[in-house]
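Here are a few exercises to work through with the model open in your viewer. Try each task before you read its solution.

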Amino acid sequence: LALLTYPAAAVIPEGSTQTGRSWRDGAVGTGPFRVTRFEPGLHLELERNPGYWRDGYPRSRKLEFSFGISPQEIMSGFRAGRFSLAGDLYPSDVEALRREPRFATGYREAPRLSTYHAALNLHRGPLTDVTLRRKLVRAINVEKLVSQTLGQIADPSHGLIPPGLLGYEPGHRAALFAEPRQDRRESPAQNELTAAVHPVFARELAGLYDGIVASFRKIGVNIRQMTETMDEFTAAVQQSAVDLVLARWIADYADADAFAHVLHTREGLYGPICGTAEVDDLIEKGCTETDPEARHSIYRQIEEVLARESCLLPLFHEQDYRFARPEIEGLSISYCFSYDTLKVRDQ
């Protein structure tokens, strides 16, 4: 049923096989807005759709989105009134705005269908050694590090699957994901691991990334970052060319399969890094099983395999959020944003 809510499954008029030369010329839909101008990666302008099915909506005449803006620019632009809504800020800036009465009342948050994690390459290189993988996942006190560096915009992960979906069990952090166990008598050998690092870890999550690197260094493991851009990151993951991947996964629809399938060895993005035949079998069973209790059990088994093999270390689930300026009304958040309810308050 979750797949029916995925945009790619939307019902469109018969014969709508071509979308035209651009979004403006060929987009099909009855949503609240229509595209008037689009510069990929830079800017998007939308206008009210006069044929929208919901009477009285959208409440705003026009929306404009700016892309590729740094957290610092978002913060300064929001304070100055250039941006009506703000997200993707540094955690410290989120906390600062939440303490200001002028902006605190315009804050909204909701769980996001996302998991941030470290995937360990069990198919090549030094991390084929399960002992070293276990040492890595035990080196990080996830709950403490996430709390210290990200505050309220993140919930430490109990597994790959986020809250609200089959397979999630609160408080059930497997033994191999437990707090680190340090043996001060041990003098660890020095290891260097290559890493593909999602660009978000160099921006909003820089503090978390520094903490991960420092935790690994304490057990004698140094990280050599091999990627800077998103293109480099994607290529390194697809080629399975690194020992470690610091990444995130944002699902398209609210179902546990949207997270588990990313580990499929043939079809999943991270399958070539940390997938196994055992997990493949469980993923395929989960896809065809219709009983909710049985599906929950299948996805719990996947989580147990990940813990046992120490091939994926869950870090946190994101709390999606937005700040609205005082003159903006109607902001609400669930698994998506309801832009049709936004309105600039009458002066």
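**Exercise 1. Describe the second largest cavity: its volume, its lining and the elements behind that lining.**

Solution. Start with the volume: the second largest cavity holds about 30 Å³ of space. Keep in mind that this is a predicted model. With a threshold of 30 Å³ or more, the count is 2 cavities.

Next, pick out the lining. Its residues are Ala 118, Leu 120, Leu 136, Val 137, Phe 216, Leu 244 and Leu 313. Two elements, strand E6 (114–120) and helix H5 (130–138), each give two or more residues to this lining.

Finally, sort the lining by class. You should get 7 nonpolar residues, with no polar and no charged ones.

**Exercise 2. Work out whether His 317 is buried or exposed, and find what surrounds it.**

Solution. First place the residue: His 317 sits in strand E11, which covers residues 312–324.

Then check accessibility. The relative accessibility of His 317 is 4%, so the residue counts as buried, given that the cut-off for buried is under 20%.

Now list the neighbours, skipping anything up to four places away in sequence. His 317 touches Ser 114 and Thr 115, and also a run of residues that includes Ile 153, Ala 154, Asp 155, Ser 157 and His 158. Gly 159, Leu 160, Ile 161, Pro 162 and Pro 163 are in touch with His 317 too.

Last, look for a polar partner. The His 317 side chain comes to 3.1 Å from the backbone oxygen of Ser 114.

**Exercise 3. Say where Ala 247 lies and which residues it contacts beyond its sequence neighbours.**

Solution. Ala 247 belongs to strand E10 (residues 244–250). Its relative accessible area is 0%, so Ala 247 is buried.

For the contacts, leave out neighbours within four places in sequence. What remains for Ala 247 is Thr 115, Tyr 116, His 117, His 198, Phe 201, Phe 233 and Tyr 270.

Take His 117 as a case to check: 130 residues separate His 117 from Ala 247 in sequence, yet their C-alpha atoms are 5.6 Å apart. Now zoom out to the whole protein. Of the contacts between residues at least 6 apart in sequence, 66% join residues at least 24 apart.

**Exercise 4. Find the buried residues of helix H3 and the elements that cover them.**

Solution. Go along H3 (residues 91–98) and mark the buried positions: Pro 91, Asp 93, Val 94, Ala 96 and Leu 97. An α-helix has 3.6 residues a turn, so residues three or four places apart point the same way.

Then look at the cover over these buried residues. It includes helix H2 (71–80), helix H4 (101–104), strand E5 (107–111), helix H6 (142–150) and E11.

**Exercise 5. Track down the backbone oddities at Pro 58, Asp 88 and Ser 310.**

Solution. Begin with the peptide bond from Tyr 57 to Pro 58: it is cis, with omega near -5°. Pro 58 is in the loop between strand E2 (43–48) and strand E3 (62–66).

Move on to phi. Asp 88 has a positive phi near 55° without being a glycine, and it lies in the loop between strand E4 (85–86) and H3. Ser 310, again not a glycine, has a positive phi near 50°, in the loop between helix H12 (292–309) and E11.

To finish, compare accessibility. Asp 88 is at 40%, so it counts as partly exposed, whereas Ser 310 is at 0% and therefore buried.

Notes. Residues are numbered from 1 along each chain as its sequence is written. This is a predicted model: local features need pLDDT of at least 70, side-chain atom pairs count only at pLDDT 80 or more; totals for chains, interfaces and linings use all residues. Side-chain values use heavy atoms; hydrogens and water are left out. On a 1 Å grid over the protein atoms alone, a cavity is a set of points where a 1.4 Å probe fits but cannot get out, and a pocket is an open set with protein on both sides within 12 Å along at least five of seven lines; lining residues have an atom within 4 Å of a point. Grid points are joined across faces, edges and corners, and a volume is the space filled by probe spheres set on the points. Helices (H or I, at least four residues) and strands (E, at least two) are DSSP runs, numbered from the N terminus. Ala, Val, Leu, Ile, Met, Phe, Trp, Tyr, Cys and Pro count as nonpolar, Asp, Glu, Lys and Arg as charged, and the others, Gly among them, as polar. Contact means heavy atoms within 4.5 Å. Buried means under 20% relative accessible area, exposed over 50%, partly exposed in between (1.4 Å probe, protein chains only). A polar contact is a pair of N or O atoms within 3.5 Å; within protein, one must be able to donate a hydrogen and the other to accept it, and residues adjacent in sequence count only if both atoms are side-chain atoms.
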